[in-house]
Amino acid sequence: MNLRLLTTRVRVLWESLSTSYWFIPLLMMSTSVALCYACLSVIERAFLPDVLRPLIPLVTQQSVQQLLSTVAGAMITVTSIAFSMTLVSLTLASNQFGPRLIRNFMQDRNTQMVLGILVSTFLFCLISLHHLSSINSNQDAVSMLAGATVFLALIDCVTIIYFIHHVSRSIQADQVIANCVQHFESNINSFLPVPESNASVRAIAEQWAAPQGDFQVSVKAVQNGYVKTINYASFLNQNATEVAGCELHVRSGDHVLCGEALFTVHCRQPASEADFTTLRQAVVLGANRTPIQDPEFAISQLVEIALRALSPGINDPHTAITCVDKLTAICVQVASREFPAENLIHTSSEVWLKRRTFTFAGVVDKAYSQVRQSANDQIAVLIHLLKSLAKLQQCCAATEQKTISTHALSIEQQIATLTISSSDKKSIEEAMLPFRAYVNVTGLK
């Protein structure tokens, strides 16, 4: 496996580890064990300076043993409470916002750090109890161990108070929505990779006709799953004497069935599917859809929150309106970026690559279509959708305004089937004014 494929695999593995509750706590536990042994080896030969004696009183071994036992028992109890609070928050998030939002909660570094701190303190007390007899002869060492234990207990008290505040804040709808947007904004470069920015690769116009090889080999998936990430560079760095180019049939976020064609290799000489087993590994499949190279993933999370808010069981149009605002902000940000080209070619070898990429029209459809369909009887949400589309239209290029106007006209047609008041009709007419001019000029229907 070459370096590029290894990097892709590591990236997928890190994404999986970052959304677990065991990885960071395990690292902190391992670090705490190492630090505990290091501290004990230093403490057992150390003596208190005269300056610290008023701050660290002398205590007996029996008192330290009782202190360590008390703190250890308290920490394991507090840790179980923290785990219980975490599970309750996950249950509430699943019911209120959707099960796919659980991933965001599990990725929360604050929760992972709190669990790690609490368990690490328990291990410190446990190991200290085991080695307490070895430092019995040094009264100052016993006192310093007691002081360190009290200090860790104070840190844990602050930590659990912070954790209660953090959990209560993290399940608020506005905070959940803000976290989705923040995650999208911080990872937009990986959501929309542009390999053609590399000097060895350049983009080709859409109407470009790729030179076909004499032989075509279709490489199929050997398992079911979602496409997590694709290493495009692996397709472009093929041997030019053997491969003319590759045509990718999938993109990140697609669900692939076993036996479905992933890509087609246009070869200059006879070849079989077995010859491209390594290249198949450039398309990483998994059981779950992930945000790696998938800008629509974070958008679908916001859409899911909006759909749940519009459901009869929850009926929270204000949350849906907040989601529409954030979706509009994401679309404005995406509109200012260059989307990856569909056709690429290696500048030296002239090996080409055709692929399916994300488009601005696809992002807008993902953001607004389902919300518009679910808000059939929510006039306030539909009016807000029209106003948001008008703001988006002002920030987009002229070539993208057709997509936005089409959504606005669809909303107008949807509202026309409803019985609404005259004041609502006036609000809708005012919201449609920015799109009337475009329709009159282009003749869009």
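These are my notebook entries on strands, cysteines, pockets and cavities in one structure.

**Entry 1: the model**

I am working from a predicted model. I took the sheet first.

**Entry 2: the open sheet**

I looked up the strand order. The open sheet has 6 strands, in the order 1-8-9-4-6-2. Its pairing is mixed. I then asked which strands are the edge strands. They are strand 1 (201-204) and strand 2 (215-220). Each of these two pairs on one side only. I also noted the twist: neighbouring strands of this sheet are turned by 20 degrees against each other on average, with direction ignored.

Next I picked one pair inside the order. Strand 8 covers residues 343-346 and strand 9 covers residues 352-354. The two pair in the antiparallel sense, over 3 bridges. Which residue stands opposite Ile345 in strand 9? I found Trp352 there. A reminder to myself: strands of a sheet pair through backbone hydrogen bonds, parallel or antiparallel.

**Entry 3: strands 3 and 7**

I moved on to strand 3 (225-230) and strand 7 (283-286). They run antiparallel, and 4 bridges join them. Thr229 stands opposite Val284 of strand 7.

Are the faces of strand 7 covered or uncovered? Both are covered. On one side Val283 and Leu285 are buried. On the other side Val284 and Gly286 are buried. In a regular strand the side chains alternate between the two faces of the sheet.

I followed the chain out of strand 7. Gln293 lies in the loop between strand 7 and helix 11. I checked whether this loop residue is buried or exposed. Gln293 counts as buried because its relative accessible area is 7%, and the cut-off for buried is under 20%. I also looked up its distance to Asn187. Gln293 and Asn187 are 106 residues apart in sequence. In space, C-alpha to C-alpha, they are 9.1 Å apart.

**Entry 4: cysteines**

How many disulfides are there? The count comes to 0. I wanted to know why Cys246 has no partner, so I looked up the sulfur nearest to its own. That sulfur belongs to Cys267 and is 7.9 Å away, too far for a bond. The cut-off is within 2.5 Å. Cys246 is buried, with a relative accessible area of 0%.

I repeated the check on Cys331. It is in no disulfide. Its nearest cysteine sulfur, in Cys396, is 7.9 Å away. Cys331 is buried too, at a relative accessible area of 0%.

**Entry 5: the largest pocket**

I looked up the volume of the largest pocket and got about 610 Å³. Its lining has 25 residues. Which of them lie nearest the centre? They are Arg103, Asn104, Gln107, Gln182 and His183.

I then sorted the lining by element. Those giving two or more residues are helix 1 (3-18), helix 4 (102-106), helix 6 (139-170), helix 7 (173-186) and helix 8 (188-191). Helix 7 gives the largest share, 6 residues. By class I noted 7 nonpolar, 12 polar and 6 charged residues.

**Entry 6: the second largest pocket**

This pocket has a volume of about 530 Å³. Its lining has 20 residues. Nearest its centre are Arg100, Arg103, Asn288, Arg289 and Phe297. I had already met Arg103 near the centre of the largest pocket.

At least two lining residues come from each of helix 1, helix 4, strand 3, helix 11 (295-310) and helix 13 (360-374). Which element gives the largest share? Helix 11 does, with 6 residues. The lining divides into 6 nonpolar, 7 polar and 7 charged residues.

**Entry 7: cavities**

I searched the whole structure for cavities of 30 Å³ or more and found 2. I followed up the second largest cavity, with a volume of about 70 Å³. Its lining consists of Tyr21, Thr86, Ser89, Phe105, Asp108, Thr111, His166, Val167 and Ser170.

The elements giving two or more of these residues are helix 3 (61-97) and helix 6. Helix 6 gives the most, 3 residues. By class the lining has 3 nonpolar, 5 polar and 1 charged. Helix 6 was also on my list for the largest pocket.

Terms used:
Residues numbered from 1 in each chain as written. Predicted model: local features only at pLDDT ≥ 70, side-chain atom pairs only at ≥ 80, totals over all residues. Heavy atoms only, no water. Pairing = 2+ DSSP bridges. Axes fitted to C-alpha atoms, helices over the stretch in contact; angles between N-to-C directions. Buried < 20%, exposed > 50% of the residue type's maximum accessible area, 1.4 Å probe, protein only. 1 Å grid on protein atoms, 1.4 Å probe; cavity = no way out; pocket = protein on both sides within 12 Å on 5 of 7 lines; lining within 4 Å. Points joined across faces, edges and corners; volume = space filled by probe spheres on them. Nonpolar A, V, L, I, M, F, W, Y, C, P; charged D, E, K, R; others polar.
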